[in-house]
Amino acid sequence: MERNTVTRRVLRRSGVPAALLALVVGLSACSSATSQLEEGQLAQGSAAPAESPQVSEPEGGELVPVPGSVRAVVAVGDRVAVQSQTGGDLQIGRVDGTRWTPEHTIELPADAGTATGGDDGSFVVPYPDGVVVVSPEGRSRQISGTGPVSAAAVTQEGKLITGTAEGEVVIRDAEGVEEARLEGLTSVDSLTVARDGSVTALSRTDTVIASIDPSEEVAGPLLRAGRGAGMMSDLGEGSLVASDTVGNTLLVYSTSPVRLHQQFPVGAAPWAVAEDPSRSVVWVTSTGTNTVQAYDLGDGIGVLRAEIPTVRQPDALAVTDSGTVVVGSADGAGLHLIRPNLTGPAG
């Protein structure tokens, strides 16, 4: 199944009600810089995973112990990289169904940031003076001398996109040489590259997402992303999904430029999000309920297709190409590998 199946269905069938359009206009007006947002809008943001209930009873699948608490899980094909909360290493393993086979351990620089997946099939980890790029086979290269990096992404062509905690986005070549620099955000906490090459940045500080055009000097257009955006992930070609952790909603955007297409309520304190191209759904973890949920986006508002109890503090999530859902616990409970059944037809 093609990766952009979900995207096509979202854009074709996203009939947004008039009331929701009014909400979008009121909360998500386009602008060219964060400073142009109304001052009252900046009172929210800085979302973090909510503390989970103490009791969790994972359902189905397999539990895989990993050292320490999980900070991030990233899937590339059927390989999954697991990053510990301390940021000290990246463990790469192969997933077959619900079986985990460890393959490589990559040591990371001190104070490494959160690992993400590069659009070229790599794993990407920012750190205080650069970026570590790791292939699924465990080969790593360190690009240093860039200054502090808060978020990073790699395009299909191998270009490196980096962000800073001060709100700058820097376009670099594959060796890290700066080609363009954009200002206008309060912070850069996450970067995504859609299949069409469009780049989007998340400023969690003021819950704003912004289009990144290398030919411009300022980030934008930008949109207010709910009441407290948590995580975002690409959603095939030309779209992305983000969790509104404070507002308990899921947000679906088209990119280039960024525009809100869907917004709907989900489980308490949603955090990690990931596309499941094998089932044409989006998965989201709820740290408020210790569950992971699947939503079909095809009818203009998300339809719940599955809700599965999982590990406590499910702060990390990835889905392999073959459809294994991998949930990581920030409370030391390891990984939960699930091969879920969905309720009802996707179409």
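Buried means under 20% relative accessible area and exposed over 50%, with partly exposed in between (1.4 Å probe, protein chains only). The model is predicted: local features need pLDDT of at least 70, side-chain atom pairs count only at pLDDT 80 or more, and totals for chains, interfaces and linings use all residues. Residues are numbered from 1 along each chain as its sequence is written, and side-chain values use heavy atoms, with hydrogens and water left out.

**Exercise 1.** Is N290 buried or exposed, and what is N290 in contact with?

*Solution.*
Step 1. Place the residue: N290 is in the loop between strand 23 (281-286) and strand 24. Strands (E, at least two residues) are DSSP runs, numbered from the N terminus.
Step 2. N290 has 3% relative accessibility, so N290 counts as buried.
Step 3. Take contact as heavy atoms within 4.5 Å. Leaving aside neighbours within four places in sequence, N290 is in contact with S52, P53, V55, S56, I308, P309, T310, V311, R312, Q313 and P314.
Step 4. For P53, a polar atom of the N290 side chain lies 3.0 Å from the backbone oxygen of P53.

**Exercise 2.** Classify the aromatic pair that the structure holds.

*Solution.*
Step 1. Rings of Phe, Tyr and Trp (its six-membered ring) pair if their centres lie within 6.5 Å; planes under 30 degrees apart count as stacked, over 60 as edge-to-face and the rest as tilted.
Step 2. The structure holds one such pair. F264 and Y295 are 5.5 Å apart centre to centre, with 50° between the planes, and the pair is tilted.
Step 3. The pair links distant parts of the chain, 31 residues apart: F264 belongs to strand 21 (residues 259-265) and Y295 to strand 24 (residues 291-296).
Step 4. F264 is buried, at a relative accessible area of 1%; Y295 is also counted as buried, at 6%.

**Exercise 3.** Which strands stand at the edges of the open sheet 1-28-27-26?

*Solution.*
Step 1. Two strands pair if DSSP finds at least two bridges between them. The four strands of this sheet are in the order 1-28-27-26, with antiparallel pairing.
Step 2. Strand 1 (62-64) and strand 26 (316-319) each have a single partner strand, so one side of each is left without a neighbour in the sheet; these are the edges.
Step 3. The twist averages 20° from one strand to the next, where axes are lines fitted to C-alpha atoms and angles run from 0 to 180 degrees between N-to-C directions.
Step 4. Strand 1 pairs with strand 28 (residues 335-338) over three bridges, in the antiparallel sense. V64 has L335 as its bridge partner in strand 28.

Key:
Polar contact = N/O pair within 3.5 Å; in protein donor to acceptor, adjacent residues only side chain to side chain.
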